[in-house]
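Subject: Structure handover

Hello,

The structure we spoke about is below. My notes on what was found in it come after.

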Amino acid sequence: MLTYKNNDPYIEGTSLYDLVKVCQTPFYVYSQQKIIDQVNKTKEILGNNIFYSIKSNSNQAILKLMNSLNIGADVVSVGELKRALEAGFDPNKIIFEGVGKSDQDLLYAIHKNIRLINTESLEEIKLLDNLANEKNKIVDIGVRLNPDVDGETLSKISTGKKTDKFGIEFDNIDKIIKLVKSCKSLNLIGISCHIGSQISKNEAYRNTFSQMKMAADKFIESGINIKHVDLGGGFHVKYEDSDPDFNIKKVKEELDNCFTQTNYELSFEPGRYLIAEAGVTVTSILTIKNNGGINYLIVDAGMNTLIRPAMYGAHHEISAINVNSEEFMDYAIAGPICESSDVFLKNIKLAKQKIGNLLVIKNTGAYGKVMSSNYNSRPLPSEILVHNDNYAIIYSPEKIEKTIEADIIPSWL
Ligand code: LLP
């Protein structure tokens, strides 16, 4: 995402040095063009039924951009549903998923007449039928199935195995059919699945697609008119050179092989694939020290800014912006948080660094800012959207004083 003009770093037509003048590090920067290109590429290959999984990056500006690209939204909470509606998504292009939804969540979704509520348990189907009945509505629903396919990804982001908490087991399809037939206020028109994130193997896609086709056919045979087959998200993004190559065209080939001569409307819910590579995190070096022979660069971004390395052992490449030396050193790059897991990278070779220099953490457009926190009472990171030589701060964190104000001291203290 970074390019250089006369040795100065640029994102599109905007100098990173200009951004640092107006925004305190650490912050996230997104390239609008890169998002547009990636969405268009995905639509060209997989078709128009793309529902952006907004959990990956739900800034209102990003949502407005995604909506302008004519894709739908996949939401997993009332908060996300409100965000999608506020950004202008047509309710008919919003899918509501999630393994746990309250009565209020379901009532809100019923009220907003969204495209589909995807249910994840037999109990939830019963509850939704009762709520729809109370409101005198017939509600279109989907069921999320658990296809029992191992996505062979990090265990913490795998969701498609039988023992995972997501979806309803295939063995229970007969029970779903019987239950749905008894529900007066529900119209089952879709099935969905999502076997996990960072799925690179064709075989995992092939197995998932064939399981889902079998399931859809089974519903049809039983007289339930399934129209939509939603095949989830999870497309792989390359974070480091040793990551496997992933080609979305192969997914399309598997899809065509599996769903020939069917009339199902096929859809996908990618998050990461649409936005991860369009974002970076900019951070400054606070201090430099050598502990036990390790050269630490302590930066102002920490696990509170970007939790993926600490939480999943995820790898994000980091590059140095200021190269003031010909000498190269081995560094460990760590955040300021009081946790030993607050380390981004170990054993990285960079030109010798100075306090105040800038580093850029790459591919952080997805599951970056959305997973940030106030831990250690540090502010959330700002976000900037770049569009050619224009930029806008699209998230400005509240001052710590405001956060303190939200705490309530009981009368007896
Ligand atoms: N659909 C459903 C039902 C999902 O649960 C998810 C992600 C997606 C679609 C989008 O998956 P994607 O295309 O972004 O892989 N925080 C983790 C990722 C958790 C993903 C949760 N569900 C990370 O930072 O890697």
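**Buried positions, ligand site and backbone**

E80 counts as buried, at 11% relative accessibility. The model is a predicted one, and the values below are computed from it. E80 lies in helix α4, residues 78–86. From E80 to S58 the C-alpha distance is 7.6 Å, with the two positions 22 residues apart in sequence numbering.

**Ligand site**

The shell around the ligand has 18 residues, and those that come nearest are S197, E269, R308, Y312 and Y367. By class, the shell holds seven charged, six polar and five nonpolar residues. Two domains contribute to the shell with at least three residues each: domain 1 (2–29 + 276–406) and domain 2 (98–268).

Three N or O contacts to ligand oxygen atoms can be listed:

- R272: a side-chain N or O atom is 2.8 Å from an oxygen atom of the ligand.
- G234: here a backbone N or O atom is 2.8 Å from a ligand oxygen.
- K55: a side-chain N or O atom is 3.5 Å from an oxygen atom of the ligand.

On its own the ligand has 580 Å² of accessible area, and the protein covers 91% of that.

**Helix α3 and its ends**

Helix α3 covers residues 60–68, and its buried residues are I62, L63, L65, M66 and N67. An α-helix has 3.6 residues a turn, so residues three or four places apart point the same way. At the start of α3, the backbone nitrogen of A61 has a side-chain oxygen of N59 within 2.7 Å. After α3 comes N70, which has a positive phi near 60°.

**Cysteines**

How many disulfides does the count give? The count comes to zero. For C258, the closest cysteine sulfur is that of C193, and at 11 Å it is too far for a bond, because a disulfide needs the two sulfur atoms within 2.5 Å. C258 is buried, with a relative accessible area of 15%. C183 also counts as buried, at 8% relative accessibility.

**Q198 and A204**

Q198 sits in the loop between β11 (186–192) and α8. Is Q198 buried or exposed? Q198 is buried, because its relative accessible area of 11% falls under the 20% limit. The side chain of Q198 reaches the backbone nitrogen of V237 at 2.7 Å. Q198 is not a glycine, yet its phi is positive, about 60°. Most residues other than glycine have a negative phi, and most peptide bonds are trans.

A204 is in helix α8, residues 202–221. A204 is buried at 5% relative accessible area. D150 is 54 residues from A204 in sequence, and the C-alpha atoms of these residues are 6.8 Å apart in space.

**Strand β14 and the T25–P26 bond**

Strand β14 spans residues 279–291 and contains S284. V280 is also found in strand β14. S284 is buried, with a relative accessible area of 13%, and V280 is buried, with a relative accessible area of 4%. From V280 to I318 the C-alpha distance is 9.5 Å, and the two are 38 residues apart in sequence.

S284 makes a polar contact, side chain to side chain, with T25 at 2.6 Å. T25 is joined to P26 by a cis peptide bond, with omega about 0°. P26 is in the loop between α1 (16–22) and β4 (27–31).

**N363**

Where is N363 found? N363 lies in the loop between β19 (358–361) and β20 (382–387). The phi of N363 is near 55°, a positive value in a residue other than glycine. N363 counts as buried, because its 15% relative accessibility is under 20%.

**Points to look at in the viewer**

The cis bond between T25 and P26 can be viewed together with the S284 side-chain contact to T25. For Q198, the positive phi and the side-chain contact to the V237 backbone nitrogen can be shown in one view. For the ligand, the contacts to look at include those of R272, G234 and K55.

Regards

Technical notes:
Residues numbered from 1 in each chain as written. Predicted model: local features only at pLDDT ≥ 70, side-chain atom pairs only at ≥ 80, totals over all residues. Heavy atoms only, no water. Near = heavy atom within 4 Å. Polar contact = N/O pair within 3.5 Å; in protein donor to acceptor, adjacent residues only side chain to side chain. Areas by Shrake-Rupley, 256 points an atom, 1.4 Å probe, with all protein chains shown as cover. Nonpolar A, V, L, I, M, F, W, Y, C, P; charged D, E, K, R; others polar. Domains from an automatic or database assignment. Buried < 20%, exposed > 50% of the residue type's maximum accessible area, 1.4 Å probe, protein only. Helix = DSSP H or I, 4+ residues; strand = E, 2+ residues; numbered from the N terminus.
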